[in-house]
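Here are my notes on the model, as numbered points. Please read them with the structure open.

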Amino acid sequence: MTVSKLITASMRSILRNKMRSFLTSLGIIIGVCSVIVMVAVGQGSQAQIKKQIAAMGTNLIMVMPPRGPNTVNRLTMTDVQKLRADSSYLAALTGEVRLSSTNVVGGPNYWSTSVYGVEPDYLKIKDWPMKEAEFFTDKDLQSRTKVAVLGTTVAEKLFPGEDPVGQSIRILTTPFTVVGVLASKGANAMGSDQDDVVMVPLDTAINRLTKDRKIGSIEMSAVNEGLMDQAQAEVTSILRQSHKLSDGATADFSVMNQSQILQTASQTSQTLTTLLAAIAGVSLIVGGIGIMNIMLVSVTERTREIGIRMSVGARRRDILWQFLSESVILSLLGGLVGILLALFLAYVMKTFMHTPTLVSPAVIAASAGFAAAVGIFFGWYPARKAANLYPIDALRYE
Amino acid sequence: MAIIELRGIKRHYVVGEIVVKAIRGLDLNVETGEFVAIMGPSGSGKSTLMNTLGCLDKPTEGTYTLDGLETSKASPDEFADIRNEKIGFVFQGFNLLSRTSAIENVELPLFYDRSKRKIDAKALAKAALEEVGLGARLDHKPNQLSGGQQQRVAIARAMVKDPAFILADEPTGNLDSEMTYEVMSLFQTLNDRGKTVVMVTHEPEVAAYTKRVITMRDGAIVSDAPVENRKRAVDDLAEWKRSHDYLAEGERT
């Protein structure tokens, strides 16, 4: 008996019971579909995180205080100055302090927003253009002038329909003059509005707002991508010297480059993707049990047919292959429909629900393969049961 | 030439602690072209004999030579191949695949053909159905056919591989008189053309269409005699139709 004959015979008996065949493969359809969609959503969000982190800046290196309990932030302006003086691989450099949920008053309006104390290089590192007027300069930093640059969201909230440049605002209790408005950047990967921000000169922020010598982080751009490693090593050694750390002592700061940040950020979503895929995988196995159940019923119901086939010369193996190929074809067809459904759902989510989805061919291939494996695994037992029937008993079965 | 040769056949079943002796030593020869009826009350062992002849069951003792082939050492797979090549089954309950067209049912034995020769299953099945007079109903499903027609499909299926003999188990048991005549006249036609037919039946009227009647009792042959005054089913069919028409006319007037 050839494979094509086998497939023809199996297709015939599958089509003879269309409704039941459909319900049987429904488990596989849902299983395959949910695996693909889950992974597509996970990979889609990962791809978006990557894009956003790439947009964080070019050849970015960040220095941050250590995380966790019992750690102390020891980053200061001295570190920033030493880096600026001694480094040879950096194209741009800025210290940064952040004040979150800070009340800002402008005219009759007020708005709670994030206030960043930064240096002029910040725009260069972030590749962030101005919308209106100019960013503050090194001079503003040195003289600690009270000037501010607004993100578009803040500008609209405080000065709706007005030109904010030249206006006066109050951050906490300190009055500032608005000197410029940033171009709009939109939401980031986590969904927060990047334009909901006010930027002031770093030194001004330290003196007037945080009143603390500590700075939150240092961000830098390496001269080019090939020099990232050297730059990172150099930054580390300069800071160790600056903090007077002896060889072998644990650093009280962490230096990360863009790809390391990316790794940290995508780790969570990767874990989540795996978890979702695993849960969806369970539904695929449940679908397989559904196939086994129906195949067992089918073997009992078709005992007479098996007897007839045996009486006209079917060998045990023929019967085994027939039932096995039926369950494999059922699960493969289910897999195929599941894939199509998943592609459709992924498209709908992307287009109408704006959820990023990314359907990879590897996942499609894997879930199709898994569907076939489920068909073989759960089809084996019923098929064997059918093949081991005794022809006389099978023929007499009522 | 003897197509079927049974020598010292015994078949014992063990049911719990009791040994049931279904056949207690039986010799039988069937020559090519014979038309044999096996009769006997239930429990006489005729079903067991039929299973043995059909290579569905192996005797406990004795040898069965079918068309020159000794079967006692055959494996289950070889048994399956013998059934496919040498035996055409016709059952009481027709045993057609439901929801499957007549032609697909007849193709079934060709589906399990193991010889390497090329066969045109559709053409062979069509020819077999034409031979039993169902050339116009190739695509009918069993539930669209009368009992007699279904049994003719089953006979076409039994014939399609040109087996050594046809083994029929109560082929008219589920049929009314008209269909019985129909089916029996078909068997007689096939036999006239040289096909060997072995038939199990408990109806003496049906056995009267055969050429030889073997009667079994308690697992052994008690009589084996040629049929005298053999009847032609075609004549009986014509007679039945005439009387039926007469009755119908009588009702009308």
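1. Leaving out residues up to four places away in sequence, B:Thr215 touches B:Met39, B:Gly40, B:Val222 and B:Ser223. The model is a predicted one, and these contacts should be read as such. B:Thr215 sits in strand β10 of chain B, which covers residues 212-217. It counts as partly exposed because it has 17 C-beta neighbours inside 10 Å, where 20 or more would make a residue buried and 12 or fewer exposed. From B:Thr215 to B:Met1 the C-alpha separation is 23 Å, with the two positions 214 residues apart along the chain.

2. A:Val200 belongs to strand β8 of chain A, residues 197-201. Is A:Val200 buried or exposed? It counts as buried, because 28 C-beta neighbours fall inside 10 Å. Beyond its neighbours within four places in sequence, A:Val200 is in contact with A:Val115, A:Gly117, A:Val147, A:Ala148, A:Phe176 and A:Ala205. The C-alpha atoms of A:Val200 and A:Ala85 are separated by 23 Å, and the two residues are 115 apart along the chain.

3. The largest nonpolar core holds 121 residues, of which A:Val32, A:Ile36, B:Ile38, B:Val106 and B:Ala156 touch the most other members. Outside the residues up to four places away in sequence, A:Ile36 touches A:Ile339, A:Ala342, A:Val359, A:Val363, A:Ile364 and A:Ser367. There is also a second, separate core of 47 residues, and its members include A:Ile61, A:Phe176, A:Val198 and A:Leu202. A:Phe176, one of the residues in contact with A:Val200, is thus listed in this second core.

4. Chain A contains 13 helices and ten strands. Its radius of gyration is 33 Å, well over the 21 Å that the globule rule gives for 398 residues, so chain A is more spread out than a compact globule. Along the principal axes, the C-alpha trace of chain A spans about 105 × 55 × 35 Å. Of the 398 residues, 40% count as buried. Among contacts in chain A with a separation of 6 or more, 84% are between residues 24 or more positions apart.

5. How is chain A divided into domains? The domain assignment gives domain 1 as 3-51 + 266-396 and domain 2 as 66-252. The centres of these two domains of chain A, taken over C-alpha atoms, are 55 Å apart.

6. Where the chains meet, 18 residues of chain A are in contact with 17 residues of chain B. On the chain A side, at least two residues each come from α1 (3-16), α10 (303-311), α11 (316-352) and α13 (391-396). The largest share, six residues, is supplied by α10(A). Sorted by class, this side of chain A has eight nonpolar, two polar and eight charged residues.

7. Helix α6 of chain B, residues 177-192, has 16 residues and reaches 22 Å from first C-alpha to last, close to the 22 Å expected at 1.5 Å a residue. Which of the residues in α6(B) are buried? They are B:Thr180, B:Tyr181, B:Glu182, B:Val183, B:Met184, B:Leu186, B:Phe187, B:Gln188 and B:Leu190. After α6(B) comes B:Gly194, which has a positive phi, near 110°.

Definitions and conventions. Residues numbered from 1 in each chain as written. Chains lettered and ligands numbered in written order. Predicted model: local features only at pLDDT ≥ 70, side-chain atom pairs only at ≥ 80, totals over all residues. Domains from an automatic or database assignment. Contact = placed C-beta atoms within 7 Å. Helix = DSSP H or I, 4+ residues; strand = E, 2+ residues; numbered from the N terminus. Nonpolar A, V, L, I, M, F, W, Y, C, P; charged D, E, K, R; others polar. Expected span 1.5 Å × (residues − 1). Core = buried A, V, L, I, M, F, W, Y, C linked by C-beta atoms within 7 Å. Rg over C-alpha atoms; globule rule 2.2 N^0.38 Å.
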